[in-house]
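Thanks for coming. I have one model to go through today, and I will keep to what can be read from the coordinates. Please bring it up on the screen.

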Amino acid sequence: MAADPADEPTESGAAFYDLVAMLAQSASVYLSQASQQLERRGELLEMSRMHIDLLSVLERKTRGNLSADEKAMLEDAIYRLRMALVELGG
């Protein structure tokens, strides 16, 4: 089976996995900061929620166009981040 060109990195070296990882990492950082910085908790939770929502948009817009590994990675990232957000009361 030929490789899907969408799985290949772009000229800049970025790939789908990099996009998911970047958004998930940002959300994770905001969640971590929210657990430590109570005075900014609401703002940080909102920023994490925005990044999680962006991942959800990506999931909806790419539905049916992802490899099984890409789909699993994206779904896992969204699930884990949502659970962390719930644990923090967001």
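Which residue forms a salt bridge with D76, and how far apart are the closest N and O atoms? The partner is R80, and the closest N and O atoms are 2.9 Å apart. Before I go further, note that this is a predicted model.

Let me stay with that pair for a moment. R80 and D76 sit four residues apart in helix α3, which means about one helical turn separates them. R80 is exposed, because its relative accessible area of 56% is over the 50% cut-off. D76, at 35%, is partly exposed.

There are four salt bridges in the structure, and I will show two others. Still in α3, the side chains of E75 and K71 meet at 3.0 Å, N to O. Here too the spacing is four residues, about one turn of the helix. Both ends are partly exposed: E75 has a relative accessible area of 33%, and K71 comes out at 45%.

The next one is in helix α2. R49 pairs with E46, with 2.6 Å between the closest N and O atoms. In this case the two residues are three apart in the helix, so again about one helical turn lies between them. R49 counts as partly exposed at 26% relative accessibility, and E46 is also partly exposed, at 44%.

Now the rest of α3. What length should we expect for this helix, given its 20 residues? At 1.5 Å a residue the expected span is 28 Å, and the end C-alpha atoms are 28 Å apart, so the two agree.

As for burial, the residues of α3 that are buried are E70, L74, A77, I78, L81 and L85. Looking down the helix axis, these buried residues fall within an arc of 95°, and therefore they line one face of α3. On the other side the exposed residues are A68, D69, Y79, R80, V86 and E87. So R80, from the first salt bridge, belongs to that exposed set because its relative accessible area is 56%. The buried residues of α3 pack against α1 and α2. After the helix comes G89, which has a positive phi, near 80°.

One more residue in α3 is worth pointing at. A84 lies in this helix and is partly exposed, with a relative accessible area of 26%. What is the C-alpha to C-alpha distance between A84 and L31? In space it is 7.4 Å, while in sequence the two are 53 residues apart.

L31 takes us to α1. This helix has 21 residues, and the distance from its first C-alpha to its last is 31 Å, close to the 30 Å expected at 1.5 Å a residue. Its buried residues are F16, V20, L23, A24, A27, L31 and A34. Viewed down the axis of α1, they fall within an arc of 95°, so these residues also line one face of their helix. The cover over them includes α2 and α3.

At the start of that list is F16, which also takes part in the one aromatic pair in the structure. Its partner is Y17, and the geometry is edge-to-face, with 6.4 Å from centre to centre and 75° between the planes. Which of the two rings belongs to a buried residue, F16 or Y17? F16 counts as buried because its relative accessibility, 12%, is under the 20% cut-off. Y17, at 31%, is partly exposed.

That leaves the core. The largest nonpolar core contains 18 residues, and those with the most contacts inside it are V20, L31, L45, L55, L74 and L81. Three helices each supply at least two residues of this core: α1 (16-36), α2 (41-62) and α3 (68-87). Which helix gives the most to this core? The answer is α1, with seven residues.

To put the pieces together: the buried residues of α1 line one face of that helix, and what covers them includes α2 and α3. From the side of α3, the buried residues pack against α1 and α2. V20 and L31, both on the buried list for α1, are among the residues with the most contacts in the core. L74 and L81, buried in α3, are also in that group. That is all I have; questions are welcome.

Note on methods. Residues numbered from 1 in each chain as written. Predicted model: local features only at pLDDT ≥ 70, side-chain atom pairs only at ≥ 80, totals over all residues. Heavy atoms only, no water. Core = buried A, V, L, I, M, F, W, Y, C linked by side-chain atoms within 4.5 Å. Buried < 20%, exposed > 50% of the residue type's maximum accessible area, 1.4 Å probe, protein only. Expected span 1.5 Å × (residues − 1). Arc of directions from axis to C-beta. Contact = heavy atoms within 4.5 Å. Phe/Tyr/Trp six-rings, centres within 6.5 Å; stacked < 30°, edge-to-face > 60°.
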